[in-house]
Amino acid sequence: MKTNKASYDIWDANGGVDPTPGKPTNNSQAYNGDNPSYISDVDSEAQLKDGKQAEDDRGEWGNKAEFILSCIGLSVGLGNVWRFPYLAYQNGGAAFLIAYIILQLVIGKPMYFMELVMGQFSGKGPTKVWDMNPSAKGVGVSMCIISLIVAIYYNIIMAYTLYFFFSSMQETLPWTVCTEEWVRDFNCVSKREPSPPLCSLNITANELLGKCLCTGNSTIDNSSMPFNMSCSRNEPSTPASELYFYKEVIQKSPGVDIDNMGAPLYKIALCLLLSWIIVVICLIKGIKSSGKVVYFTATFPYVILLILLIRGALLDGALEGVKFFIIPEWSKLADIQVWAAAAGQMFFSLSVSFGGIIMFGSYNKFNNKVYGDSLLISFMDLITSVIAGFVVFTTFGGMAKQIGKPVSEVAKGGYGLAFVVYPEALSNLPPSQLWSVLFFFMLFTLGLDSEFGLMETVLTCIQDEFPKTRKYKSAICIGMAVACFFMALPCTCPGGDYVVTIMDHYGADFSVLCLSCIEVISVMWVYGVFNFLKDIEYMLGSKPHGWPYWVFCWGLSSPLLIGLLFIYRMVTHNPPTYDNGEPYPMFAQGLGWGLFALAMCPVPIVFLWRLVRSFMEPSVTGLRKRLSFMFSPTPEFGPNDDVIRTEPYRSSNSFVMGSIGKKREKKAYENPIRVTDD
């Protein structure tokens, strides 16, 4: 056996009194010589052994590839394909991309790195990691709730992709065919074509055209036409792909009120059930099973994206689509709405403040080089978004050229891109069935590993809070999936599209922006940015490269910019609207704000409960001890490095408000012996 000693600075719990190793202090810590470990006066040695055994059963990544691929799978999802390209087009092309990159540098990458460090250093999930600042534990609970909300409606979108995946296997793609009812009521066209030119007085020219548009001039429209020919009226038409999705697949109702909700659509419900079954099979053993699945689900989309990119680049008009995507409107950089849109996309795409990053990091080995991992994963997220943008807009450029319209008239975002416009574009690429099957299978795999991260976050929070439940991991996974399936059933109704919009708008948009601001303040302004930096140095052996940059981002740019963006979003808030621009009814908005309150209420509740407990503890007297009880790391917090400790890693009375740059009295001690095999 060989030993390795490392020194680490701590500050004293008792106003500078140096506790004697192996003896209890007034911090209720005792030393046991047979099993060197600190035991609080509320725990027994047996309880600590049980806790250690439960911690040993927590699990760990099989190798680094599983961790990186899982993180990429969580960050790279459906939004990279249907949301990022359209937002870039809508907000100034490359100008939006510049704003996105800047926000990634000053907010996204620092927060991604911060959350990975939090999880890896402590070996704890989104709730237990807040032993570092117990008054902020509500942040972790809110992360769990938000992940659950997103997991519920995210699987609805995956059910849509399964519906289209199976529909793509038909001899004739169903979104290329108009029914008689659609022709009569919506002037349905199976395939958009260039509009014919206007009729003229030249009868020979009209005959050569075969079809021409009415001019409104009766002399031209009637007198000059051949006997067997009449002019076509320039009436608005609706493509079959749009009617198929809204009228056949989701059967969208005219409103969100109870009378228009309708009953669950059995085809969507069955696809939803299949999606949940696949998720459960992949998560049944936690990261031991999902870590193997991501080898396929995280890499297969890149294969399909590259194939679609090559195919799209060969289309006539592809260059016009690319220009439309990347040519910047520099004036847009002065529009704060562009920055707000880029921030919203960044948070949802990187999955910052959803808890999944902390959760994945907690299953790492303690000395994993997490610094390079965080940079690689955030870079891959950006690259994927850009590739998806080229894939989408090369295809749109070819489609626009074919129908003789500008790219702006075929570009849509959200559902309209994934389930209306892009399927129509794919139907023009022979063999259309093959391209459609590949595209929708790619969408499903993109969503699948993101769903893994969301659900595993919820399951990890439950198992960390109640370690004895780890032995029932499979049963809890199945039970959670069944509960989520039934909670998602309203989303399969004709009015379900509105429910999904409400859940996304209120449960995962505002709430995440607000939560991320509270999170970074709780870590960097309360726990302390330099304490956090010391944790990184202890874990990795050195400070991260360019550490002043990280300190600046963590301590200043991230909390301030996120706070300003949240205030801007609240001040300029517009409720969700129907297609005609009419806002959702007040009761629907009320439900949305109720969902927001549900997601955020753990933050103040846990804070107030910790404050009440500080008055219930007889030993907590005076302002300093109360602040320490509220905000200092608990005795349970420490590095997940399997070190046998003779001193608590953090004392519970070490809080100093505004720890950035402030001095604090510290004691140096020899860190306990790290034991390794010879």
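Visitor: Which residues of helix 10 are buried in this predicted model?
Guide: Happy to start there, and yes, the model is predicted. Helix 10 covers residues 240-249. Its buried residues are A240, S241, L243, Y244, F245 and V249.

Visitor: What value does phi take at Q251, just after helix 10?
Guide: Q251 sits in the loop between helix 10 and helix 11 (258-261). Its phi is positive, in a residue other than glycine. The value is about 45°.

Visitor: Is Q251 buried, partly exposed or exposed?
Guide: The relative accessible area of Q251 is 38%. Buried would need under 20% and exposed over 50%. With 38%, Q251 is therefore partly exposed.

Visitor: Where does S353 lie, and what is its phi?
Guide: Good one to look at next. S353 is in the loop between helix 16 (336-350) and helix 17 (356-362). It is not a glycine, yet its phi is positive, at about 70°.

Visitor: Is S353 buried or exposed?
Guide: The cut-off for buried is under 20% relative accessible area. S353 has a relative accessibility of 0%, so it counts as buried.

Visitor: Which backbone oxygen does the side chain of S511 reach?
Guide: S511 belongs to helix 22 (residues 496-540). With a relative accessible area of 0%, S511 is buried. Its side chain comes to 2.8 Å from a backbone oxygen, that of G507.

Visitor: Leaving aside neighbours within four places in sequence, which residues is S511 in contact with?
Guide: Contact here means heavy atoms within 4.5 Å. Setting aside those neighbours within four places, the partners of S511 are I146, Y506, F596, A599 and M600.

Visitor: With which side chain does the side chain of D131 make a polar contact?
Guide: Let's place D131 before naming its partner. D131 is found in the loop between helix 5 (94-122) and helix 6. It is buried, at 9% relative accessible area. The polar contact spans 2.9 Å and goes to the side chain of K124.

Visitor: Which residues does D131 touch, not counting those up to four places away in sequence?
Guide: K124, the polar partner of D131, is on this list too. Not counting residues up to four places away in sequence, D131 touches K124, S632, P633, T634, E636 and F637.

Visitor: Which two cysteines does the disulfide join?
Guide: The structure holds one disulfide. Its two sulfurs are 1.9 Å apart, and the cut-off for a disulfide is 2.5 Å. The cysteines joined are C178 and C188.

Visitor: Where in the chain do C178 and C188 sit?
Guide: The two are 10 residues apart. C178 is in the loop between helix 6 (137-167) and helix 7 (180-186), while C188 is in strand 5 (residues 188-189).

Visitor: What is the handedness of the disulfide of C178 and C188?
Guide: The torsion about the S-S bond is what decides this. It is about -70°, so the disulfide is left-handed.

Visitor: Why is the sulfur of C517 not bonded to that of C514?
Guide: C517 counts as buried, at 15% relative accessibility. A disulfide needs sulfur atoms within 2.5 Å. The closest cysteine sulfur to that of C517 is in C514, and it is too far for a bond because the distance is 7.1 Å.

Visitor: Which residues touch the most other members of the largest nonpolar core?
Guide: This core holds 179 residues. F532 touches M114, V117, M118, M132, V523, M524, Y527 and W554, not counting residues up to four places away in sequence. The two that touch the most other members are F532 and W554.

Visitor: How many helices and strands does the chain have?
Guide: The chain has 678 residues, of which 55% are buried. Among contacts between residues at least 6 apart in sequence, 79% join residues at least 24 apart. The secondary structure comes to 26 helices and eight strands.

Visitor: What is the mean pLDDT of the chain?
Guide: Worth checking before you rely on any region. The pLDDT is below 50 over residues 1-44, and also below 50 over residues 651-678. Across the chain, 79% of residues reach 70 or more, and the mean pLDDT is 80.

Note on methods. Residues numbered from 1 in each chain as written. Heavy atoms only, no water. Helix = DSSP H or I, 4+ residues; strand = E, 2+ residues; numbered from the N terminus. Buried < 20%, exposed > 50% of the residue type's maximum accessible area, 1.4 Å probe, protein only. pLDDT = per-residue confidence, 0-100. Core = buried A, V, L, I, M, F, W, Y, C linked by side-chain atoms within 4.5 Å. Polar contact = N/O pair within 3.5 Å; in protein donor to acceptor, adjacent residues only side chain to side chain.
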